[in-house]
Amino acid sequence: MPNVNFNYKKALAQGDKLFEALMTSKILGLAPDAEANWTNHTLFLKTNDSDMQKVYAYLSGTYGMMNIDVNQIGDEYAIDFI
């Protein structure tokens, strides 16, 4: 089981908006050309496949593969944190 970073636990404890802001910042750091939007606690990310692989590797390494759900919908990815 991955060791979830303390900043993420703290952000989750302080509310959804802080968690969304932290995740958006981290993901746009990995994929600077991506478009990120949150809808109903789901992150919709429009990016290329190469950057998505970086994002997925980061998320699965930080949260564990069982704690995220990634689906491709058209030309964007829907990311849910479980």
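## Phe44 and its surroundings

Set aside the neighbours within four places in sequence, and Phe44 is in contact with Glu35, Ala36, Asn37, Thr39, Ile73, Glu76, Tyr77 and Ala78. That list comes from a predicted model, as does everything else here. Phe44 sits in strand β2, which covers residues 42-46. Across in β4, the residue standing opposite Phe44 is Ala78.

Glu76 is another of the contacts of Phe44. Along the chain these two are 32 residues apart, yet their C-alpha atoms are separated by 6.6 Å. Is Phe44 buried, partly exposed or exposed? Phe44 counts as partly exposed because its relative accessibility is 22%, and buried would need a value under 20%.

## How the strands pair up

β2 and β4 run antiparallel to each other, paired over four bridges. β4 also pairs with β3 (residues 68-73), again in the antiparallel sense, this time over six bridges. One of the matched positions here is Ile68, whose bridge partner in β4 is Phe81.

β3 and β4 form a hairpin with two residues between the strands. What does the backbone do at Gly74 in this hairpin? Gly74 takes a positive phi near 65°.

## Asp69 on β3

Asp69 belongs to strand β3. With a relative accessible area of 31%, Asp69 is partly exposed, since that value lies between the 20% and 50% cut-offs. Beyond the neighbours within four places in sequence, Asp69 is in contact with Ala78, Ile79, Asp80 and Ile82.

Take Ile82 from that list: Asp69 and Ile82 are 13 residues apart in sequence, and 7.2 Å apart in space from C-alpha to C-alpha. There's a polar side to Asp69 as well, as its side chain makes a polar contact with the side chain of Asn71 at 3.1 Å.

## Helix α3, end to end

Helix α3 spans residues 49-63, which makes 15 residues. From first C-alpha to last it reaches 20 Å, close to the 21 Å expected at 1.5 Å a residue. At the N-terminal end, Asn48 acts as the cap: one of its side-chain oxygens lies 3.2 Å from the backbone nitrogen of Ser50. Just after the helix comes Gly64, with a positive phi of about 95°.

Which residues of α3 are buried? They are Asp51, Met52, Val55, Leu59, Ser60, Thr62 and Tyr63. These buried residues lie on the same side of α3, because they cover an arc of only 165° around the axis. An α-helix has 3.6 residues a turn, so residues three or four places apart point the same way. Asp49 and Gln53, on the other side of α3, are exposed.

## The nonpolar core

The largest nonpolar core has 14 residues, and those with the most contacts inside it are Ile27, Leu45, Val55, Leu59 and Ile79. Two or more residues come from each of α2 (16-30), β2, α3 and β4 (76-81). Which element gives the largest share? That would be α3, with four residues.

Val55 is a handy place to look at the core up close. Leaving out the neighbours within four places in sequence, Val55 is in contact with Ile27, Leu30, Ala31, Leu45 and Ile79. Three of these, Ile27, Leu45 and Ile79, are also among the core residues with the most contacts.

Note on methods
Residues are numbered from 1 along each chain as its sequence is written. This is a predicted model: local features need pLDDT of at least 70, side-chain atom pairs count only at pLDDT 80 or more; totals for chains, interfaces and linings use all residues. Side-chain values use heavy atoms; hydrogens and water are left out. Buried means under 20% relative accessible area, exposed over 50%, partly exposed in between (1.4 Å probe, protein chains only). Contact means heavy atoms within 4.5 Å. The expected span of a helix is 1.5 Å times one less than its number of residues. The arc is that of the directions from the helix axis to the C-beta atoms. A polar contact is a pair of N or O atoms within 3.5 Å; within protein, one must be able to donate a hydrogen and the other to accept it, and residues adjacent in sequence count only if both atoms are side-chain atoms. A nonpolar core is a set of buried Ala, Val, Leu, Ile, Met, Phe, Trp, Tyr and Cys residues joined through side-chain atoms within 4.5 Å. Two strands pair if DSSP finds at least two bridges between them.
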